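Welcome, and thank you for opening the viewer. Let's walk through this structure together, one selection at a time.

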Amino acid sequence: MVTGETPENTHEDAYEDAYEDAYYGERPLAAAPATPTEWKALIGEWDEIRQGYHLGDARARVLECAHRLRASVAAGGPDTALWTLGLVLTGPHVLYADPDPEAEARVREAMSAVVRALGRTPCAHAAHPCDDVVADDDLDGLPAVLEMLARPGRPAADADPADGEPWSDDEAAESWFEGRMTREVWACPGNLAGFARSFPG
């Protein structure tokens, strides 16, 4: 590097360090889930945050999810779909329920990273869930999708169904949370980028 030249991303890295210090202090991030059971517990917390009755530190959970998402995107990690959809569930908390401009900035930066990394990835799908799942009520089935993604060896049809009124056979066949709920389409880079691009809906 030429003397006096500013290293690339120096400002961003410094901001990241200051942000982590401001919000986490000396408390390390909790270990990332490593088993379907651990993922199920975390997904349950995410849904509590979305529903507004989480008893823990909701903001810290949102920031942790954003942090993990950025790291997963940068590394091309296998859990990017889980962290992206987890942030779709939890991110609005720091925008609306407990507004925090700095936390919101971190959430939006994580979503922007998804768009930059995955937004131009070609795929063969004619449609994605992100095209139709836009309202908050539509997200009621997202925890079931997340549990499906967290269990690679489990058939998608065995995932717990979304809560609510039972659908007709035709509705179920066309629903992204029933008949069209597959790992391939939900974890598709185009779908993840679509959700990130439209965040917060």
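## First stop: helix 3

Select helix 3 to begin, and keep in mind that this is a predicted model. With 18 residues at 1.5 Å each, helix 3 should span 26 Å, and its end C-alpha atoms are indeed 26 Å apart, which agrees. Now switch on the surroundings: 13 of the 18 residues of helix 3 are buried, so the rest of the structure largely encloses it.

Next, click on serine 72, which sits in helix 3. Its relative accessibility is 9%, so serine 72 counts as buried. Beyond residues up to four places away in sequence, serine 72 touches Gly77, Asp79, Thr80 and Trp83.

Follow the chain out of helix 3 and you arrive at glycine 76, whose phi is positive, near 65 degrees. As background, most residues other than glycine have a negative phi.

## Zoom out

Show the whole protein chain as a cartoon. How many helices and strands does the secondary structure come to? The count is nine helices and zero strands. Of the 201 residues in the chain, 41% count as buried. Turn on contacts as well: among those with a separation of 6 or more, 73% are between residues 24 or more positions apart. If you display the accessible surface, it comes to about 11000 Å², and 51% of that belongs to carbon and sulfur atoms.

## Into helix 4

Select residues 80-90, which make up helix 4. Is helix 4 enclosed or open? Here 11 of the 11 residues are buried, so helix 4 is largely enclosed by the rest of the structure. They run from Thr80 to Thr90 and include Trp83, Leu85 and Leu87.

To see what covers the buried residues of helix 4, add its partners one by one: they include helix 2 (36-51), helix 3 (58-75), helix 5 (101-118), helix 6 (142-149), helix 8 (183-186) and helix 9 (189-198).

## The nonpolar core

Now pick out Trp46, Leu85, Leu87, Leu142, Val145 and Trp186, the residues with the most contacts inside the largest nonpolar core, which has 47 residues. The elements giving two or more residues to this core are helix 2, helix 3, helix 4, helix 5, helix 6, helix 8 and helix 9. In soluble globular proteins, nonpolar side chains tend to be buried together.

Stay with valine 145 for a moment. Leaving aside neighbours within four places in sequence, valine 145 is in contact with Leu85, Phe177, Met181 and Trp186.

## Helix 9 and what follows

Move on to alanine 196, found in helix 9. At 6% relative accessibility, alanine 196 counts as buried. Draw a distance from its C-alpha atom to that of alanine 110: the two are separated by 8.6 Å, though they lie 86 residues apart along the chain. With neighbours within four places in sequence set aside, alanine 196 is in contact with Met111, Val114 and Val115.

Continue into the segment after helix 9, where proline 200 lies. The peptide bond joining phenylalanine 199 and proline 200 is cis, with omega at about 5 degrees. For context, most peptide bonds are trans.

## Charged pairs

Colour the charged side chains, because there is plenty to find: the structure holds nine salt bridges under the cut-off of 4 Å between nitrogen and oxygen. One of them joins glutamate 147 and lysine 40 at 3.1 Å, N to O. Glutamate 147 is in helix 6 and lysine 40 in helix 2, 107 residues apart, and the pair links distant parts of the chain.

Then select arginine 50 and aspartate 140, a salt bridge whose closest N and O atoms are 2.5 Å apart. Arginine 50 lies in helix 2 and aspartate 140 in the loop between helix 5 and helix 6, so this pair ties together parts 90 residues apart in sequence. Arginine 50 is buried at 14% relative accessibility, whereas aspartate 140 is partly exposed at 36%.

For another salt bridge, try arginine 106 and glutamate 109, with the closest N and O atoms 2.6 Å apart. They are three residues apart in helix 5, which means about one helical turn separates them.

## Last stop: two cysteines

How many disulfides does a search of the whole structure find? It finds zero. Select cysteine 123 and you will see that the nearest cysteine sulfur, that of cysteine 188, is 3.7 Å away. Cysteine 123 counts as partly exposed at 37% relative accessibility, while cysteine 188 counts as buried at 4%.

Note on methods. Residues numbered from 1 in each chain as written. Predicted model: local features only at pLDDT ≥ 70, side-chain atom pairs only at ≥ 80, totals over all residues. Heavy atoms only, no water. Buried < 20%, exposed > 50% of the residue type's maximum accessible area, 1.4 Å probe, protein only. Helix = DSSP H or I, 4+ residues; strand = E, 2+ residues; numbered from the N terminus. Contact = heavy atoms within 4.5 Å. Expected span 1.5 Å × (residues − 1). Disulfide = S-S within 2.5 Å. Areas by Shrake-Rupley, 256 points an atom, 1.4 Å probe, with all protein chains shown as cover. Core = buried A, V, L, I, M, F, W, Y, C linked by side-chain atoms within 4.5 Å.
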